[in-house]
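Trainee: Hey, can you walk me through this one? I'd like to get a feel for it before lunch.

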Amino acid sequence: MRNYGSILSYATLCALAVAAAKLGILNAYIQLILMYIGINIILSVSLNLVNGYMGEFSVGHAGFMAVGAYVTSILNVWLFTESPVFGPPLLSPFSAVFLFPATLLAGGVAAAVVGLLVAVPSFKTRGDYLAIITLAVNYIVKSSIENIQPIGGARGFMGMRNVIGSMQAVLNLPWNLIWVFICVGATVWIIQRLVNSTYGKGIIALRDDEIAAEIMGVNTRRMKIVAFMLSSGLAGVAGGLFAHVLGYINPGTFTIMKSTEVLVMVYLGGMGSLSGSVLSAIALTIALEVFRPLQLVKWVVLPLLLILLMIFRPEGIMGHRELTDVFPKLRSWLPPKEGRI
Amino acid sequence: MTLLEIENLTHYFGGLKAVCNLNLRLDGSELMGLIGPNGAGKTTVFNLMSGFYRPMEGEIRFLGRSIRGLRPHEVTTLGIARTFQNIRLWNSLSVFENICISQHCQLGYGFFHSVLRTPGFVRSERRVKKRTEELIDLLGLRHYAPEFPKNLPYGLQRRVEIGRALALRPKLLLLDEPAAGMNPGEVDELIETIRWIRDEFKLTICLIEHHMRVVMNVCERIKVLDFGETIAEGRPDEIRLNPRVIEAYLGDEEPADARGN
């Protein structure tokens, strides 16, 4: 029972939220914010794997998100809907309900493969130099998409609303919300398990001292590939969800601005802290909504927040600790850690 | 039984000959010392042995197999573990985790197992934890297991590093200046520890050391390097009296002003 306590309570919360959305207690706006929060949690937690746990500095997370967003959207529009680009649906629109997760996964895999563009150079370079490579990858992705005319180029790509529509035709549920909840749960679950296994701790050893890690038997290249591919793959999944929540994507969304937003979340929450990333994704998403009337001034307030943070609390809200370290009582809800001392 | 064999090993850094025509043989459960003045190329030899540098000339064979061109973690997996001159522990991980992670190459599971927590994963983690507990008890680190290494005194950090290397179940242990920065009390303890490790774990130890008390007390055989070349090799009492060694360490016996003219 205790082993599944955290999963059960998360599932219950999500079910309640879905029920509330279905019954109309949560209006569309609140639902939208909930979905943004979820997507941002996936983005910040996955970026934290690279920037926090592995100690590299990736500033191109939005690029991977774009790959996932486009691959998932194209697959869905091509397979399940009647569209001007791809013509009649390849499969029955009703199968979207079952196959949507597979297309999300395909988007994630595609993004993970693009992640290799960063993982392979990371064997030789690190730190600032690698950061510039991630920036370059971000631009390569964005500009490539802008130049592929059949999928809309710079004008963007749409038609994802119909996919969600055909899911709702099968069963009238807030599907977007459900998929976001499932993906958030899976992301946190995967990364939490990875970084708490001896295998995954190899990534942390790599951050502390790469030479010592390699000489003490950690296959650093493999660990870098695992970390970069997992991180970019999850960003791809987040992108796929983002595309379906919005119903419309264009390459301009996935610029360094978007990457910076995720970076702020990671550093606000604390590097190497999963619960920090989750908390800051929630806090920042809500703050951005509150700042919405400020419009462009938002981009003055947010960086200012970052400056203040770096001066007064450079380690972030949590700073290498988890919620369970701050509130030990929470631990009774969580599965006992293997052989913790 | 020959454990490690080095033949005509030569390595340059730019124009600097760091190691020149080195020949070395290490037999099973031997305790050998590698000494020499600063810059003699001792650590370079260690870096070559552990695969961190790729030798420019010559051959290194471990258990009859060439390790030339292997990556460091592959060499480690074969059974060569080392410690570092300037301690290189993972400071944001506890002592316990440090010793666990060095068994990384023996985990036998990968990413998917660690996420899905398969039976293989559980077995492997249990094995790693058990091995770590044993080592921690053997090295008397029980009390410090949950601490971060950076909070421990120097002598203990060295001990943790040795524990981390032993966790790999090496056949050959390379110790790079294990006594550096230790006080006399800690040095005595270290001498005991090194002997005890060799007997307890039945392994071969090769150590670099400047501390003559450690070298003379612990090593059965000593090799002296100077400017990358071997200038002497033999038992401690032979080395102590070897004129070339004395010259390398203390300089020429002729007074400096006499040489100038």
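Mentor: Sure. One term before we start: two residues count as in contact if their C-beta atoms, placed from the backbone, lie within 7 Å. Also, keep in mind that this is a predicted model.

Trainee: Okay. So how many residues of chain B are in contact with chain A?

Mentor: On chain B there are 34, and they meet 26 residues of chain A.

Trainee: Which helices of chain B supply residues to that side?

Mentor: Helices H2 (72-78), H3 (95-101), H4 (111-116) and H5 (119-138) of chain B each give at least two residues to the side touching chain A. By class, that side of chain B has 17 nonpolar, ten polar and seven charged residues.

Trainee: Switching topic: what about the sheet in chain B, what's the strand order?

Mentor: The order is E2-E1-E4-E5 in chain B, an open sheet with antiparallel pairing. E2 (16-27) and E5 (65-66) of chain B are the edge strands; each has a single partner strand, so one side of each is left without a neighbour in the sheet.

Trainee: And which helix packs on that sheet?

Mentor: Helix H1 (residues 42-49) of chain B, which touches E1 (2-13), E2 and E4 of chain B. The direction of H1 makes about 65° with that of E2(B).

Trainee: How many bridges join E4 to E5 in chain B?

Mentor: Two bridges join them. Arg61(B) sits opposite Ser66(B) in E5(B).

Trainee: Back to chain A. How many helices and strands?

Mentor: Chain A has 14 helices and two strands. Of its 341 residues, 47% count as buried.

How values were computed: Residues are numbered from 1 along each chain as its sequence is written. Chains are lettered from A and ligands numbered from 1 in the order in which they are written. This is a predicted model: local features need pLDDT of at least 70, side-chain atom pairs count only at pLDDT 80 or more; totals for chains, interfaces and linings use all residues. Helices (H or I, at least four residues) and strands (E, at least two) are DSSP runs, numbered from the N terminus. Ala, Val, Leu, Ile, Met, Phe, Trp, Tyr, Cys and Pro count as nonpolar, Asp, Glu, Lys and Arg as charged, and the others, Gly among them, as polar. A residue is buried if 20 or more other C-beta atoms lie within 10 Å of its own, exposed if 12 or fewer, and partly exposed in between; C-beta atoms are placed from the backbone. Two strands pair if DSSP finds at least two bridges between them. Axes are lines fitted to C-alpha atoms, for helices over the stretch in contact, and angles run from 0 to 180 degrees between N-to-C directions.
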